[in-house]
Amino acid sequence: SSQPRPLKNAMSPIRESIREERKVKIAYSDEKGQKSERIIWPIALAFFDRARVVAAWCEMRQDFRHFRADPIERAKPLKQRYPKRRRVLLKDWRITQGIPEQF
């Protein structure tokens, strides 16, 4: 079946990394099936269009990105903390996304 498989194991370390403000190394496949490894600073988990999404700063792209959870094959928490506090990153993310402050 072409349905993406639900990923149970990667969300737990991502949630933990959000709480601890730590970087995460993920193995990810994009929508074209291209595999890559990224170091991200996860700041939020959300649902968009019935898909779980990780909002994060991507070190490779030097920008905020949204990663669908289902193509994340592995997530390894790293010891390094984000260089900024999560609340500052969330505020920056809201501004870049045009999301009002009350959300």
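This passage describes the internal cavity and the aromatic pairs of a predicted model.

The search for enclosed space gave a count of one cavity of 30 Å³ or more. The largest cavity holds about 30 Å³ of space. Its lining is made up of Ala44, Leu45, Ala46, Phe48, Val53, Val54, Ala55, His66 and Trp93. Two elements, β2 (35–48) and β3 (51–58), each give two or more residues to this lining, and β2 supplies the largest share, with four residues. Sorted by class, the lining has eight nonpolar residues and one polar residue, while charged residues are absent.

Turning to the aromatic side chains, the structure contains four aromatic pairs. One of them joins Trp41 and Tyr82 in a stacked arrangement, with 6.3 Å from centre to centre and 20° between the planes. This pair connects distant parts of the chain: Trp41 sits in strand β2, whereas Tyr82 lies in the loop between β5 (72–81) and α2 (86–97), 41 residues apart. Trp41 and Tyr82 are both buried.

A second arrangement is found for Trp57 and Phe64, whose ring centres are 5.1 Å apart; their planes meet at 85°, so this pair is edge-to-face. Trp57 has a relative accessible area of 17% and is therefore buried, and Phe64, at 7% relative accessibility, also counts as buried. The two pairs come together in a wider group, as Trp41, Trp57, Phe64 and Tyr82 form one aromatic cluster.

Note on methods:
Residues are numbered from 1 along each chain as its sequence is written. This is a predicted model: local features need pLDDT of at least 70, side-chain atom pairs count only at pLDDT 80 or more; totals for chains, interfaces and linings use all residues. Side-chain values use heavy atoms; hydrogens and water are left out. On a 1 Å grid over the protein atoms alone, a cavity is a set of points where a 1.4 Å probe fits but cannot get out, and a pocket is an open set with protein on both sides within 12 Å along at least five of seven lines; lining residues have an atom within 4 Å of a point. Grid points are joined across faces, edges and corners, and a volume is the space filled by probe spheres set on the points. Ala, Val, Leu, Ile, Met, Phe, Trp, Tyr, Cys and Pro count as nonpolar, Asp, Glu, Lys and Arg as charged, and the others, Gly among them, as polar. Rings of Phe, Tyr and Trp (its six-membered ring) pair if their centres lie within 6.5 Å; planes under 30 degrees apart count as stacked, over 60 as edge-to-face and the rest as tilted. Buried means under 20% relative accessible area, exposed over 50%, partly exposed in between (1.4 Å probe, protein chains only).
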